[in-house]
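Q: Please choose one part of this structure and take a close look at it, going slowly from one detail to the next. I am a first-year student, so please explain each term when it comes up.

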Amino acid sequence: MNISIDVMKNFVLLFLWFVCCFQAGISAQSKISLSGTVKDVTGAPLPQVTVAIEQSLSGTYTNDQGFYTLEILPGKYTFVVSMIGYKTLKKEIEVRNNKKQHFILEENSISLDVVEVLGKSRTQQVKEGVFAVNALDIKPLVNNLNSVSTLVNRTTGIKVREEGGVGSDFDLSINGMSGNSVRYFLDGVPLNTKGSEVSLANLPVNIIDRVEIYKGVVPAYLGADALGGAINIITKQNQRNYLDVSYGTGSFHTHRFNMNARYQERKTGIILSPTVAINYSKNDYMMKGVELWDNEDRKFKLVNRKRFHDDYFYVLAQLEGGVVNRSWADAFWVSLSYSATDNELQTGTIQQIVYGEAKRTQDAWNISARYEKKQFILPNLHLNASLSYTWDHSLTVDTAFRKYWWDGSYIESSRNEITGRGRSLRHYKRPLTVARLNLDYRLNEHHSVNLNYLLNRTGNSRYDAVDTDFEPSDDVLAKHILGLSYNQLLLDSRLHNTFFIKDYINYLSIQQQDLYWITGSKNKVGDKTTNYVGYGVGSRYNFFDYLSLKASFEHSVRLPLSREMLGNGTTVYPNFSLKPENSNNVNAGIYGSIRLARGHLLYYEANGFYRHVKDYIHAVVSQSEGLSQYDNVSNVDVKGVEGELRYTWNDRLQLIVNCSYQDSRSKTKYYADGSLMITYNNKIPNRPWLFSNSELNFTRRNLLWSNSTFRAGYTFEYVHWYYLTWDGYGSLKSKSRIPDQYIHNMYFSQSFGHDRYHISFECTNLLDHTVYDNYMLQKPGRAVFCKFRLFIN
């Protein structure tokens, strides 16, 4: 591990040298402060008002007393003051010395312009950065949204494929790269610190402010070894005390409960924020056209039968406490969380393999702390640090010597259900340590430099409570990722550039020896440290509001996930011969907003991408066992195009249409003996390559009574058919093929009592089509869900 320490020292020394050089160069340009209050026409202070410099990344928010302060260089600026429900105020101010400036906002019943300005400072600003990124604002959708994965699945270039109903495993792909090439973050920290079973599908939507989806090139400050991209979930940072509670129930005995709140004790200023999420579903939806033996005709027939062993229970509880705006810290938080799942297993990787007693349970405790301080040691140096430790334990129960059919009947067998071997109570303890250090130094309004370090260490302690032949082992997979980036804003912020370099250090310690002929562990025992370097550049130029260009390039490395290398303890075998993926990623795009008429806005974007991947990691499915294992494909080319049109009329009507085409092909031409590979130039199997989404949303305020909001929407999803296995395997008539998918969904919601009470109704798969997804596993048919939410602020 000495190599990681040496590299980190070199990065830190380089960063400090860079900072000192620039500090000496700009010491004469000392900053001054603009401060004041923002109030309404009655004189009441307004919290959480955006005070920003137009066409700049600089901005801030007012506190609970309506007070703001902004550090800037002397000069003349146009300030934009905005808040939902109030008219946006723009004012040009010349600031030469420390200055007090107060603002008064007037209420506005039409909030389109306000929302647009606020979006520019947050969600839209992220979209208009140098990277190819989707930014999703969750706040307007929280009443009718039941999972983040549903919304992410409707965005350009993204496809979420589930293996069943509520709580099932899912695979997320970005621009043709599989879900395991994508990293997930919660406020910049890896999401799996909350537990290995916490995901986009079960994270409570009430706590989320927005979701940032980086496609291909990933910012260095996230510290990600991702080829496909990264998803960063930003939680709400409410400044007021509040209580947010929701409960929903729906088809297949599904229930969801979410609660989160914030309370600040006035004397000490200590803030407490509890969060609770509970999900349960029997997932007893109808499986259409499954094989079942007919004793009279003595042959298998296709019948419809309900799932009978797929109960799912999930709970997440977290208590976060901390302080803000102290002399020693801008923010300091400590959190304790617990998550648990109890998941019955109905099928293997393919639905012809049916289980009747196998199950998987998981529980995780996490304790973490995060610290944030502006003006840290040096002026304009911003420190953001976090430390997290997770105790993660999973148990796979596979003790029944039975073979089940879709009607719940079974025959006695000499093997267990999942692996086809002896009885097993397999325990996996995977302690996770994550440490993150981020230093951001703003040289001036146009230049900044950022240093990021991320440690991710996963243990893998295995033992079995009933299988006496199983030999316990304790493996370790550790990653150190260092990133250094330099950012520019030039030509009145029209030109935005970023340059970055990353260093990836992978440490692997292997003890396990069982199934070495499958896992490749025999020749991999011991410790091994490897080192890789990545780098990249991104640029965006804004010609006009209706025309901007962006492009980015990255040579990236993705280290194998613990699931890929160590397996999941049930349906995925380990593979200790896996090599890291490395890729050259290129993105180029065009976007803009066109104001067609007063209140009518058209936003468009179009992107193209190319990835050349070496040692591409993908899952290989054994159709006889129903199990899988990850393996490398030497060379893969991924290219594609995508586009989106979004039309908005005031705050009443929104129409969104997007389409994505992705072409992922194996470019490995020869076997080791020189013969031509049958899969050469074949599409990567089990990957959608053409899909589209359409969405129509309608909003009307005070439709039924005053101080109320009515929303209704319709969505349509189309996925073109694709093969489950390689094109070159077998005959076209007998090949497994995931058919075309046509999915219609609708919702409506009603809010009343000044947005205190909310009720929503949703119907998915409205026409009850038979829908397949990952590995050709059948998804639920028509389902309805009703949700009630109470928000007290």
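A: A residue is called buried when its relative accessible area is under 20%, exposed when it is over 50%, and partly exposed in between, with a 1.4 Å probe and only protein chains taken into account. The model is a predicted one, in which local features need pLDDT of at least 70 and side-chain atom pairs count only at pLDDT 80 or more, while totals for chains, interfaces and linings use all residues. Residues are numbered from 1 along each chain as its sequence is written, and side-chain values use heavy atoms, with hydrogens and water left out.

The part to look at is the set of salt bridges, together with the strands that carry some of them. A salt bridge here is a side-chain nitrogen of Lys or Arg within 4 Å of a carboxyl oxygen of Asp or Glu. Arg-307 and Asp-310 make such a pair, with their closest N and O atoms 3.0 Å apart, and both of these residues are buried.

By this rule the count comes to 22 salt bridges, and another of them joins the side chains of Lys-215 and Glu-642, at 2.5 Å from N to O. Because Lys-215 belongs to strand S14 and Glu-642 to strand S37, this pair ties together parts that lie 427 residues apart in sequence. Lys-215 and Glu-642 are both buried. In the protein chain as a whole, 54% of the 793 residues are buried.

The strands themselves deserve a look. Helices (H or I, at least four residues) and strands (E, at least two) are DSSP runs numbered from the N terminus, and the protein chain has six helices and 45 strands. Two strands pair if DSSP finds at least two bridges between them. Strand S14 sits in an open sheet of five strands with mixed pairing, in the order S9-S14-S15-S12-S13. Strands S9 (133-137) and S13 (189-190) are at the edges with a single partner strand each, so one side of each has no neighbour in the sheet. S9 runs antiparallel to S14 (residues 208-215), and five bridges join them; Asp-137 stands opposite Arg-210 of S14.

Strand S37, which carries Glu-642, has partners of its own. With strand S34 (residues 572-573), S37 (residues 627-649) runs parallel and shares two bridges, and Tyr-573 has Gln-629 in S37 as its bridge partner. With strand S38 (residues 653-666), S37 runs antiparallel and shares 14 bridges, including a place where Trp-649 stands opposite Leu-653. The hairpin of S37 and S38 has three residues between the strands, and among them Asn-650 takes a positive phi near 45 degrees.

One more pair is worth following: the side chains of Arg-370 and Glu-320 meet in a salt bridge at 3.1 Å, N to O. Distant parts of the chain are linked by this pair, since Arg-370 is in strand S23 (residues 359-373) and Glu-320 in strand S21 (residues 312-324), 50 residues apart. Arg-370 has a relative accessible area of 27% and is therefore partly exposed, whereas Glu-320, at 14%, counts as buried. Finally, salt bridges that share partners join Asp-209, Arg-210 and Glu-212 into one network; the Arg-210 named here is the residue of S14 that stands opposite Asp-137.
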